[in-house]
Amino acid sequence: MSEDSELIALIDIIYAAVLDGDIWPTVLAKLADATGALTTIIATMDRRTDTFTFISRRADTFTFISRRADTFTFISRRADTFAFISRRADPDLEASYRNYWAFHNPLWDNATALTAGEVFSLDTLMPRQDFVKTPVFNEWWKQADYSLAMLGANLPVEDRVSSLICVVNARGNDALTSEETRVFETAARHVSRAVRVHRQLWKLDLMNGATPERFQSLRQGAILVDAAAKVLFANAPARAVLDTGDGLVLKGGCLASTDGADTLQRLIASCARAVGPLSGPLGGELDVRRGPNRLCLHVTVTPLRSKEPAAGIPWLGLHPPAAIVTVVDPETGRRQLAQNLHSRFGLTGAETGLAAEILKGDGRAAAARRRGISVATARAQLSSIFEKTGTHRQAELVRLLLELAD
């Protein structure tokens, strides 16, 4: 097979992997063959979560390693997330990189600072004479039989996830030929496009399974999240709550409460175990405080029950949904009532505020106290409300308000 034919075959299998994720290790094997590299890797650092994923292809054997007995798609590590698919690697070296060196490699931060699609070499990231003095080079890189001949490119990802593809030559082969560079640059462009399409197709499949139409029809806020609290979908009421930035917010694409507590994240993380029959406390409820004089949001975290959970793509930072978070804003009904009173009867803002307090049923004096006005002012406003609404007694007004609230 000619070099160009080999490259065309490589590009074909890259796009085949978009529709079949199991083909990606084969893509790496073909890329290593086409460039003559010792190792090809797709690696991902996910700083949103504390999970670690690792998929390895060694020679003609595909292996998947999990550190948790109940985990089938990712390995848990209480640190930032690092995941990679590799070919032709030693299991012990993989383990040491997985557990330590992934987080102590100066090349990583330098590489992820570059734009997606930009091809780089080791020399682009730092001078060779500096790199050979680093602990990662002396204690890991050399043991892996890697040379200083490396080519890489960042892949398109989102939020606090960074991903790259790279090839590394064997030790003693510290130079890359122009042909090897050409093949990698060409392949990297297509891998970048394929990854972008793969992510979009994964999200479309996810949304088809999540029936967003039902989410949108809910009156309360509904948010679909993965185990790391990354928001996968939010309906209009939920987006309205998030847009205020008070109570619930997005931090790096992940759902969080503005009070600084981690209760919400812990409830969501507990839902990751909801595969098959439920066991143990999963999800739960909490009230999320907001700013002064505002009512708390009532939040419920419910695990998604599934005998066959959606497949994630950890090395692209894509994890299946784990929970539905519903949000009830008690002030929403009050705002709708105020709008109805204003549009139908022409009540002022002060009058609609008093009417909402009257609806609580504990009397005019208590309503005035909560509004911060005198009883005399409340009496005057109430008289105006009676006149505009055509009611004559407080009980009659409450019945009208209940009808409008419904």
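## A strand covered on both sides

Let's start in the middle of things, with strand E9. Gly221, Ile223 and Val225 point one way from E9, while Ala222, Leu224 and Asp226 point the other way, and all of them are buried. That fits the overall count for this strand: six of its six residues are buried, so E9 is described as mostly covered. Keep in mind as you explore that this is a predicted model.

For the wider setting, the protein chain has 16 helices and 15 strands. Of its 406 residues, 48% count as buried. Among contacts with a separation of 6 or more, 62% are between residues 24 or more positions apart.

## The sheet around E9

In which order do the five strands of the open sheet run? The order is E10-E9-E15-E14-E13, with antiparallel pairing. Strands E10 (231–234) and E13 (284–288) stand at the edges; each has a single partner strand, so one side of each is left without a neighbour in the sheet. From one strand to the next, the twist averages 20 degrees. As a bit of background, strands of a sheet pair through backbone hydrogen bonds, either parallel or antiparallel.

Now look at the two partners of E9. With E15, strand E9 pairs in the antiparallel sense over six bridges, and Ile223 stands opposite Val325 in E15. With E10, strand E9 (residues 221–226) pairs over three bridges, also in the antiparallel sense. Here Ile223 stands opposite Ala234, and Leu224 stands opposite Phe233. E9 and E10 form a hairpin with four residues between them, and Ala229 in the turn has a positive phi of about 70 degrees.

## A helix packed on the sheet

Helix H10 (residues 236–244) packs on the sheet, where it touches E9, E10, E14 (297–303) and E15 (321–328). The direction of H10 makes about 85 degrees with that of E9.

Which residues of H10 are buried? They are Ala238, Val241 and Leu242. These three cover an arc of only 95 degrees around the axis, which puts them on the same side of H10. The cover over the buried residues of H10 includes E9, E10, E11 (248–251), E12 (254–257), E14 and E15.

The ends of this helix are worth a look too. At the N-terminal end, Asn235 acts as a cap: one of its side-chain oxygens lies 3.1 Å from the backbone nitrogen of Ala238. After H10 comes Gly245, with a positive phi near 70 degrees.

## A second helix with a buried face

Helix H11 (residues 263–270) has its own set of buried residues: Leu264, Leu267, Ile268 and Ser270. Viewed down the axis of H11, they fall within an arc of 160 degrees, so they line one face of the helix. What covers them includes E9, E11, E12, E13, E14 and E15.

## A threonine and two cysteines

Elsewhere in the chain, Thr40 has its place in strand E1 (residues 39–46). Its relative accessibility is 0%, so Thr40 counts as buried. What does the side chain of Thr40 reach? It reaches the backbone oxygen of Leu28, at 2.8 Å.

Finally, a word on cysteines. A disulfide is a covalent bond between the sulfur atoms of two cysteines. This structure holds zero disulfides. Cys166 is buried, with a relative accessible area of 10%, whereas Cys296, at 34% relative accessibility, counts as partly exposed.

How values were computed: Residues numbered from 1 in each chain as written. Predicted model: local features only at pLDDT ≥ 70, side-chain atom pairs only at ≥ 80, totals over all residues. Heavy atoms only, no water. Pairing = 2+ DSSP bridges. Axes fitted to C-alpha atoms, helices over the stretch in contact; angles between N-to-C directions. Contact = heavy atoms within 4.5 Å. Buried < 20%, exposed > 50% of the residue type's maximum accessible area, 1.4 Å probe, protein only. Polar contact = N/O pair within 3.5 Å; in protein donor to acceptor, adjacent residues only side chain to side chain. Disulfide = S-S within 2.5 Å. Arc of directions from axis to C-beta.
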